[in-house]
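The exercises below are to be worked with the coordinates open. Try each task before reading its solution.

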Amino acid sequence: MIVRSQIVGCGSYLPSRLVTNAELAAQVDTSDEWIVERSGIRQRHIAAEGETTSDLATNAALRALEAAGISGSAVDLLIVATATPDNTFPATATKVQSRIGMKHGAAFDIQAVCSGFVYALSVADNFIKTGQVQTALVIGAETFSRILDWSDRATCVLFGDGAGAVVLRANRGKGSSADRGILSTHLHSDGTHYDLLYVDGGPSSTQTVGHVHMEGREVFRHAVINLASVVGEALAANDLKASDIDWVVPHQANRRIIEGTAKKLGFPLDKMVMTVERHANTSAASIPLALTEAVGDGRIKPGQLVLLEAMGGGFTWGSALVRM
Ligand code: UT7
């Protein structure tokens with residue numbers, strides 16, 4: 001018998017304000033046609049003035065707790081994956097901790113940009129597997145709208161705000177891929193590509209928050225290669241084939257990246273959960289947002305095999321294989 005981290009509840013939250021491509025085309029030199037053709041994005045949700053990452057995270061967390069049928073006081077470990085914290089410190093996770101009524105354990109943030117949720121899931125899984133905690137709450141939450149240069153058409157059309165969360169609970173398994181819970185996680189980074197996707201500010205460098213900069217074409221090229229590789233790694237580690245996977249929940253950066261990865265790995269497109277059209281790229285929030293949607297509408301069913309994969313600034317990338 002071994003310990004597995006089972007996903008026992010999912011929740012998500014999107015700010016109410018919707019911004020369409022047409023609205024952006026009125027502000028910068030772009031068009032709905034260009035954005036849809038190059039990225040698949042049609043709209044994004046943007047946080048209201050004063051609405052912070054911790055607000056989005058708390059709403060998603062409360063919904064995940066409700067779905068799991070537990071209260072915040074039962075959570076032993078809370079991790080928020082975010083690149084857009086409320087403040088430089090303390091961790092956004094501690095604010096969420098107090099709001100959900102979690103009175104013990106530990107809360108901290110993880111920074112791996114768009115791979116943040118997979119990184120946080122991996123950390124929480126390892127805490128559970130070593131027996132240090134029983135119940136963990138893993139949240140991906142972002143307000144990327146606050147770090148965009150709204151006059152830069154190459155980046156401002158691509159991102160959105162939102163949050164998603166999962167509750168993990170220790171569960172006994174037999175050690176095979178038939179067990180329910182996280183079967184394996186695989187994390188990578190390569191700091192030689194730091195400058196291809198970064199924010200040009202920070203406490204120690206400029207004492208400002210800064211704006212997102214991206215060499216889109218280069219990031220795209222690396223994304224398809226790295227994602228295909230880390231998905232292959234997850235399949236090999238579990239002695240599985242692409243055809244064994246019921247659903248892939250990819251990071252939602254670009255429809256063409258998702259399609260390119262699916263093609264490279266032999267996944268039919270109807271197995272790829274896609275929200276990029278409506279949510280745009282919500283960085284660390286995109287996977288738990290998409291997962292919550294597909295669980296909520298009944299596509300993803302208990303017992304099915306789900307593969308999560310992401311790639312982001314750093315570069316960072318990773319995958320997680322989960323039996324729901
Ligand atoms: O989540 C973290 C990971 N992030 C990603 O995975 C994003 C990866 N990259 C991408 O998704 C794509 O590279 C983009 C969507 C960012 C861009 O698509 P692309 O097909 O790679 O276009 P491009 O950057 O090669 O630009 C093509 C042209 C350029 O004009 P020229 O040089 O050909 O004259 C750009 O200046 O499109 C121009 N362009 C735009 N035109 C209209 C760039 N942004 C826009 C825009 N509207 N918003």
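What follows is a set of five exercises, each with a worked solution.

This is a predicted model, in which local features need pLDDT of at least 70, side-chain atom pairs count only at pLDDT 80 or more, and totals for chains, interfaces and linings use all residues. Residues are numbered from 1 along each chain as its sequence is written, and side-chain values use heavy atoms, with hydrogens and water left out.

**Exercise 1. Aromatic pairs**

Task: Find the aromatic pairs in the whole structure, and state which parts of the chain they tie together.

Solution.

Step 1. Apply the criterion: rings of Phe, Tyr and Trp (its six-membered ring) pair if their centres lie within 6.5 Å, and planes under 30 degrees apart count as stacked, over 60 as edge-to-face and the rest as tilted. The search returns 2 aromatic pairs.

Step 2. Phenylalanine 108 and phenylalanine 127 have ring centres 6.5 Å apart and planes at 45°, so this pair is tilted. Because phenylalanine 108 belongs to strand S5 (residues 106-110) and phenylalanine 127 to helix H5 (residues 116-129), the pair links parts that are 19 residues apart in sequence. Helices (H or I, at least four residues) and strands (E, at least two) are DSSP runs, numbered from the N terminus.

Step 3. Check the accessibility, where buried means under 20% relative accessible area, exposed over 50%, and partly exposed in between (1.4 Å probe, protein chains only). Phenylalanine 108 is partly exposed at 25%, and phenylalanine 127 is partly exposed at 25%.

Step 4. The pair of phenylalanine 144 and phenylalanine 159 is stacked, with 5.0 Å centre to centre and 25° between the planes. Phenylalanine 144 is in the loop between strand S6 (135-143) and helix H6 (153-156), and phenylalanine 159 in the loop between H6 and strand S7 (161-173), so parts 15 residues apart in sequence are tied together. Phenylalanine 144 is buried at 3%, as is phenylalanine 159 at 4%.

**Exercise 2. The ligand site**

Task: Describe the surroundings of the ligand, from the residue shell to the polar atoms.

Solution.

Step 1. Count a residue as near if one of its heavy atoms lies within 4 Å of the molecule. There are 22 residues around the ligand, and Thr30, Arg153, Arg217, Asn254 and Asn281 come nearest.

Step 2. List polar contacts, that is, pairs of N or O atoms within 3.5 Å; within protein, one must be able to donate a hydrogen and the other to accept it, and residues adjacent in sequence count only if both atoms are side-chain atoms. A polar side-chain atom of threonine 30 is 2.6 Å from a ligand nitrogen. Ligand oxygen atoms lie 3.3 Å from a side-chain N or O atom of tryptophan 34 and 2.9 Å from one of histidine 251.

Step 3. Taken alone, the ligand exposes 950 Å², of which the protein buries 76%. These areas come from the Shrake-Rupley method with a 1.4 Å probe; for residues, only the protein chains shown count as cover.

Step 4. Assign the shell to elements: helix H2 (32-39), H6, helix H7 (216-237) and helix H8 (255-265) each give two or more residues. H7 gives the most, with 4 residues.

**Exercise 3. A polar side chain in a strand**

Task: Which side chains make polar contacts with the side chain of serine 184?

Solution.

Step 1. Serine 184 lies in strand S8 (residues 181-189) and is buried, at 10% relative accessible area.

Step 2. The side chain of histidine 186 is in contact at 2.8 Å, and that of asparagine 238 at 2.9 Å.

**Exercise 4. Cis peptide bonds**

Task: Locate the cis peptide bonds at proline 90 and phenylalanine 315.

Solution.

Step 1. The bond joining phenylalanine 89 and proline 90 has omega of about 0°. Proline 90 is in the loop between strand S4 (77-81) and helix H4 (92-99).

Step 2. From glycine 314 to phenylalanine 315, omega is near -10°. Phenylalanine 315 sits in the loop between strand S12 (305-312) and strand S13 (316-323).

**Exercise 5. Positive phi**

Task: Are aspartate 239 and serine 283 buried or exposed?

Solution.

Step 1. Aspartate 239, not a glycine, has a positive phi of about 55°; serine 283, not a glycine, also has a positive phi of about 55°.

Step 2. Aspartate 239 is in the loop between H7 and strand S11 (247-250) and is exposed, at 71%.

Step 3. Serine 283 is in the loop between helix H9 (276-279) and helix H10 (286-296) and is buried, at 1%.
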